[in-house]
Amino acid sequence: MEVIESSHIEADAETGDWLPVTVCESVKLTPDTLLLRLRSATGAPLPLYEPGAHVAVNCGEGVDRHY
């Protein structure tokens with residue numbers, strides 16, 4: 001594993017269901033796989049996940065990716 005970033009970068013929060021988070025670590029696991037470790041930008045605990053849950057990432061300019 002190669003840690004390619006460990007600085008804190010806050011995501012811009014939009015109104016609605018978006019939850020502001022900080023990328024506290026990203027690790028390149030394979031050439032096509034990036035592990036992102038997220039934490040709440042406010043310091044509050046993140047909501048618990050449920051089976052079938054996913055994360056939508058706003059990549060700017062109206063581009064969202066769902067994982």
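Helices (H or I, at least four residues) and strands (E, at least two) are DSSP runs, numbered from the N terminus. R37, for one, has its place in strand β4.

A word on the ground rules: this is a predicted model, where local features need pLDDT of at least 70, side-chain atom pairs count only at pLDDT 80 or more, and totals for chains, interfaces and linings use all residues. Residues are numbered from 1 along each chain as its sequence is written, and side-chain values use heavy atoms, with hydrogens and water left out.

**Exercise 1. Work out the element order of the chain and how much of the chain is buried.**

Step 1: count the elements. The chain has 0 helices and 6 strands.

Step 2: read from the N terminus, which gives β-β-β-β-β-β.

Step 3: turn to burial. Buried means under 20% relative accessible area, exposed over 50%, and partly exposed in between (1.4 Å probe, protein chains only). Buried residues come to 10% of the 67 in the chain.

Step 4: add the surface. Using the Shrake-Rupley method with a 1.4 Å probe, where for residues only the protein chains shown count as cover, the chain exposes about 5,700 Å². Carbon and sulfur atoms supply 54% of that area.

**Exercise 2. Describe how β3 and β4 go together, then place R37.**

Step 1: check the pairing. Two strands pair if DSSP finds at least two bridges between them. Strand β3 (residues 21–30) pairs with β4 in the antiparallel sense, over 8 bridges.

Step 2: pick out a bridge. K28 has L34 as its bridge partner in β4.

Step 3: look at the link. The two strands, β3 and β4, form a hairpin with 2 residues between them.

Step 4: place R37. Contact means heavy atoms within 4.5 Å; leaving aside neighbours within four places in sequence, R37 touches T22, V23, C24 and E25. From R37 to V23 is 14 residues in sequence and 5.9 Å in space, C-alpha to C-alpha. R37 counts as partly exposed because its relative accessible area is 45%.

**Exercise 3. Is S40 buried or exposed, and what does its side chain reach?**

Step 1: locate S40, which is found in strand β4 (residues 33–40).

Step 2: classify it. S40 has 10% relative accessibility, so S40 is buried.

Step 3: list its contacts. Beyond neighbours within four places in sequence, S40 meets P20, V21, T22 and L46. S40 and L19 are 7.8 Å apart, C-alpha to C-alpha, with their positions 21 residues apart in sequence.

Step 4: go polar. A polar contact is a pair of N or O atoms within 3.5 Å; within protein, one must be able to donate a hydrogen and the other to accept it, and residues adjacent in sequence count only if both atoms are side-chain atoms. The S40 side chain makes one with the side chain of T42 (2.9 Å). The S40 side chain also reaches the backbone oxygen of A44, at 3.3 Å.
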